[in-house]
Amino acid sequence: MIQALPKTKSVTFEEFVQWKPEGKYYELHNGVIVEIPQPPGDS
């Protein structure tokens, strides 16, 4: 399941890199942080 995290303004790449927590996978799409599923295989 892909879920966008609520955010009122666009996030810059620099803000995303500073915010990104460990343990889950996120991507930045057009200023919106999106949680993505863990890739298959060993981490």
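**Figure 1. A salt bridge joins the side chains of Glu-15 and Lys-9 in this predicted model.** The nitrogen and the oxygen of the Glu-15 and Lys-9 pair lie 3.0 Å apart. Side chains of opposite charge can pair when their charged atoms come close. Both partners are partly exposed: the relative accessible area is 32% for Glu-15 and 47% for Lys-9. How many salt bridges does a search of the whole structure find? The search finds two, and the other one is the subject of the next view.

**Figure 2. Glu-35 and Lys-24 form a salt bridge.** The closest N and O atoms of this pair are 3.7 Å apart. Glu-35 belongs to strand β3, whereas Lys-24 sits in the loop between α1 (13-19) and β2, so the salt bridge ties together parts that are 11 residues apart in sequence. Lys-24 is partly exposed, with 45% relative accessible area.

**Figure 3. Trp-19 and Tyr-26 form an edge-to-face aromatic pair.** A search of the whole structure finds two aromatic pairs, and the pair of Trp-19 and Tyr-26 has its ring centres 4.9 Å apart, with 75° between the planes. A pair of aromatic rings is described by the distance of the centres and the angle of the planes. The angle of 75° makes this pair edge-to-face because planes over 60 degrees apart are classed in that way. Are the two residues buried or partly exposed? Trp-19 is partly exposed, at 37% relative accessible area, while Tyr-26 is buried, at 12%. Ring pairs also bring in Phe-16, which is linked with Trp-19 and Tyr-26 into a cluster.

**Figure 4. Phe-16, a residue of helix α1, is buried.** The relative accessible area of Phe-16 is 7%, and Phe-16 counts as buried because this value is under 20%. Which residues does Phe-16 contact, apart from its neighbours within four places in sequence? They are Val-11, Tyr-26, Glu-27, Leu-28 and Ile-33. One of these contacts, Tyr-26, also belongs to the aromatic cluster with Phe-16 and Trp-19. The view may be extended to Gly-31: its C-alpha atom is separated by 8.9 Å from that of Phe-16, although the two residues are 15 residues apart along the chain.

**Figure 5. Asn-30 has a positive phi in the loop between β2 and β3.** The phi of Asn-30 is about 50°, although Asn-30 is not a glycine. Most residues other than glycine have a negative phi, and most peptide bonds are trans. The loop that holds Asn-30 runs between β2 (25-29) and β3 (32-36). Is Asn-30 buried or exposed? Asn-30 is exposed, with a relative accessible area of 78%.

**Figure 6. One helix and three strands make up the elements of the protein chain.** In what order do the elements run from the N terminus on? The order is β-α-β-β. The chain has 43 residues, of which 16% count as buried. About 3700 Å² of the protein chain is exposed, and carbon and sulfur atoms supply 55% of this area. Among contacts with a separation of 6 or more, 26% are between residues 24 or more positions apart.

Methods. Residues numbered from 1 in each chain as written. Predicted model: local features only at pLDDT ≥ 70, side-chain atom pairs only at ≥ 80, totals over all residues. Heavy atoms only, no water. Helix = DSSP H or I, 4+ residues; strand = E, 2+ residues; numbered from the N terminus. Buried < 20%, exposed > 50% of the residue type's maximum accessible area, 1.4 Å probe, protein only. Contact = heavy atoms within 4.5 Å. Areas by Shrake-Rupley, 256 points an atom, 1.4 Å probe, with all protein chains shown as cover. Phe/Tyr/Trp six-rings, centres within 6.5 Å; stacked < 30°, edge-to-face > 60°. Salt bridge = Lys/Arg side-chain N within 4 Å of Asp/Glu carboxyl O.
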